[in-house]
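Visitor: Please take a close look at one loop residue with me, beginning with its place in the chain. After that, I would like to hear about other loops and helices in the model.

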Amino acid sequence: MKKIKINDFIAISVMLFGMFFGAGNLIFPPLLGKEAGSDVWIAWAGFVTTAIVLPVLGVASIAKSGGIQKLAGRVDGVFSYVFTIATYLAIGPGLAIPRAGSTPFELIVTPYLSADANLLLPRLLYTFIFFAVAYWLCLNPNKLMSRMGKITTPSLMALIAIMFIFVVTSDTQSLSAVTGVYEANAFIGGFLKGYDTMDTLAALVFGLVVANTLQRFQLSSSQLQKMTIGAGALAGVFLGAIYWILTFIGHSTSGNFPDTVNGAEILLNSTIMAIGQVGAILLAVIFTLACLNTCVGLLTSLSEFFNLLLPKLSYRTFLTIFVVWSFVTANFGLNTILKISVPILVFIYPAAIVLIIMELTRYWFKYSRITYQITVYAVALISGVTALESAGISIPTITEGFRAYLPLYSLQLGWVIPFAILIVISIISQQFLDKEAKYQRY
C-alpha cells in the first residue's frame, strides 16, 4: 500500500479547486461585493454556504456513498438514473461546458470589437482554439493532477493574487450603498447567488475524478474516502480565500463604478484603473484559465461517467462527442445559454442539497427508503413548480397555492420548510418503530 505525499495531496486539492473555479466563480463575488454594500460580509456568508460549504459536503457525500448513482439510488433505481444523467448533462454539454467556452469570449473579447462587428467568425475561432486545448488536456486523465494541479491552476491563483495586490495598493477605494437583492435580505441574496456557481452539482461529479486520481496511489477504501473528503475540504479553503479576494475588490471599488452590471466589468475596470491597459490582458488570461480548468474537469468527469455507463464506447469517443457538441452550443452565444440556466438550477439544486444532507446524517438517523422517496420527490415537486414559474410557466391552482401557502416560496426556497418537516416526522416515526420493535421482541 502506498502513502500519498503531501505535495501530491495538495496538487489534487488544487486540481479540484481549479475544476470548481470557472467564470461564474470569478464574476459573482465582485458583483456581490458591489451590491451588498455595508452588508457585504453577511451576503458573503450566504454565498459561501452554497458556493463552498455545500460543494465540500457534496464531495464528502460522494466519498461516503461511492458515487452519484449510489447516492441518488437511496431513492430508487429510476430516480438514480434520471437524476444522475440529468445532472451530468445539465452541468456538462447542456449548460456549463458551453458557458465555459462562451463566457471568456463575451467578457474579454467582445468589448474590444466594434459595435457593429459580426461576432460569428471571431467566436468560432476563439471557441475552436479553446475546446481544442481542452480536448488535448482531457485526452489523458492520469495527467490531470500534474497539468491542472501543478501548472494551470497554480498559475490562475497566482494571477488573481497579483491582480488583488495591484488593486488594493492603488488609490481606488470607494464604497457604494446596499442595492439589488441584498436590500431585503443580504444572507438570502448571497445564498441564492451561490446557486449560480453550480458547484454543489459539480461536486457530485468531480468526486469521481478525485477518486480516480487517488486510486493510482493504491489506497485502501477507508484511506480513499478520507483523502477525497480531505481534498474537498482543502479545495474549499482555497475557494474561500479567492472568493474573499474577489468580493473585497468589488466592495472596495464599488463607488468608482456605480453603473457596472456584472462582475467582469468590475474586475476589468478595477484592474485597468490600478495598472492600465495591461490589466485587461491580465484579466483575459485569468478568465481563460479559469474557464479552461472547469471545462477540462467537466469533460473528464462526464466522459468517464458515460464510459462506465456504456463501456462499449470508449472514453475518447465520449470526449469527442461532448467537445464537438459543446463547441457548437457555445456559438449560440452566452445570453442564449444563460437564459435556460436559472430554471434548470432551480429544479435540480434542491434535490441535490437534500441528498447531500441526508447522506451525511444517514449514520445517525438511518433513513428508510420510503423516507428518501417521500422527501426527495416532495422537494422535486416544489422545485419543479418553482423552476417552471421562473421560466414563465404557471400551473393553474398549484403555482398559486404554493405561492400563497409555502413559506420562502417567493425566494425560490419553498422546499426548505417541507423538507425540514418531513425529516423531523421521519426521525420521530423511526424512533417510535424501533421502540415498538424492541417491545415486541421482549
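Guide: Happily! K366 sits in the loop that joins α16 (341-365) to α17 (369-390), where a helix is a DSSP run of H or I with at least four residues, numbered from the N terminus. The model is predicted, so local features need pLDDT of at least 70 and side-chain atom pairs count only at pLDDT 80 or more, while totals for chains, interfaces and linings use all residues. Residues are numbered from 1 along each chain as its sequence is written, and side-chain values use heavy atoms, leaving out hydrogens and water.

The backbone of K366 deserves your attention: phi is positive, about 50 degrees, although this residue is not a glycine. Most residues other than glycine have a negative phi. K366 counts as exposed because its relative accessibility is 56%; with a 1.4 Å probe and protein chains only, exposed means over 50% relative accessible area, buried under 20%, and partly exposed in between.

Further along, T397 lies in the loop between α17 and α18 (398-405). Here too a residue other than glycine has a positive phi, near 70 degrees. T397 is exposed, at a relative accessible area of 66%. A positive phi also turns up at G37, which follows α2, with a value near 55 degrees.

That brings us to α2 itself, residues 23-35. Of its 13 residues, 13 are buried, so α2 is largely enclosed by the rest of the structure. Its length is easy to check: at 1.5 Å times one less than the number of residues, the 13 residues should span 18 Å, and the end C-alpha atoms are 19 Å apart, which agrees.

Helix α13 (residues 278-309) gives a similar check: its 32 residues should span 46 Å, and its end C-alpha atoms are 47 Å apart, in agreement. This helix is mostly covered, with 24 of its 32 residues buried. Helix α1 (residues 6-20) meets α13, their axes coming within 6 Å and crossing at roughly 105 degrees; axes are lines fitted to C-alpha atoms over the stretch in contact, and angles run from 0 to 180 degrees between N-to-C directions. That makes α1 roughly perpendicular to α13, a label for 65 to 115 degrees. G18, M19 and F20 of α1 make the contact with A290, N293, T294 and G297 of α13, contact being heavy atoms within 4.5 Å. By class, three of these residues are nonpolar, four are polar and none is charged; Ala, Val, Leu, Ile, Met, Phe, Trp, Tyr, Cys and Pro count as nonpolar, Asp, Glu, Lys and Arg as charged, and the others, Gly among them, as polar.

Another helix pair is α6 (residues 96-108) and α7 (residues 120-138), whose axes come within 10 Å and cross at roughly 130 degrees. That makes α6 oblique to α7. The residues of α6 that meet α7 include I97, P98, F105 and I108, and among their partners in α7 are R123, Y126 and F130. This contact has 10 nonpolar, two polar and two charged residues.

After α7, the loop leading to α8 (144-168) holds L139, which is partly exposed at a relative accessible area of 27%. Its C-alpha atom is separated by 8.4 Å from that of T300, 161 residues apart along the chain. Leaving aside neighbours within four places in sequence, L139 is in contact with Y315, R316 and L319.

Notes: Helices (H or I, at least four residues) and strands (E, at least two) are DSSP runs, numbered from the N terminus. Angles under 35 degrees count as roughly parallel, over 145 as roughly antiparallel, 65 to 115 as roughly perpendicular and the rest as oblique.
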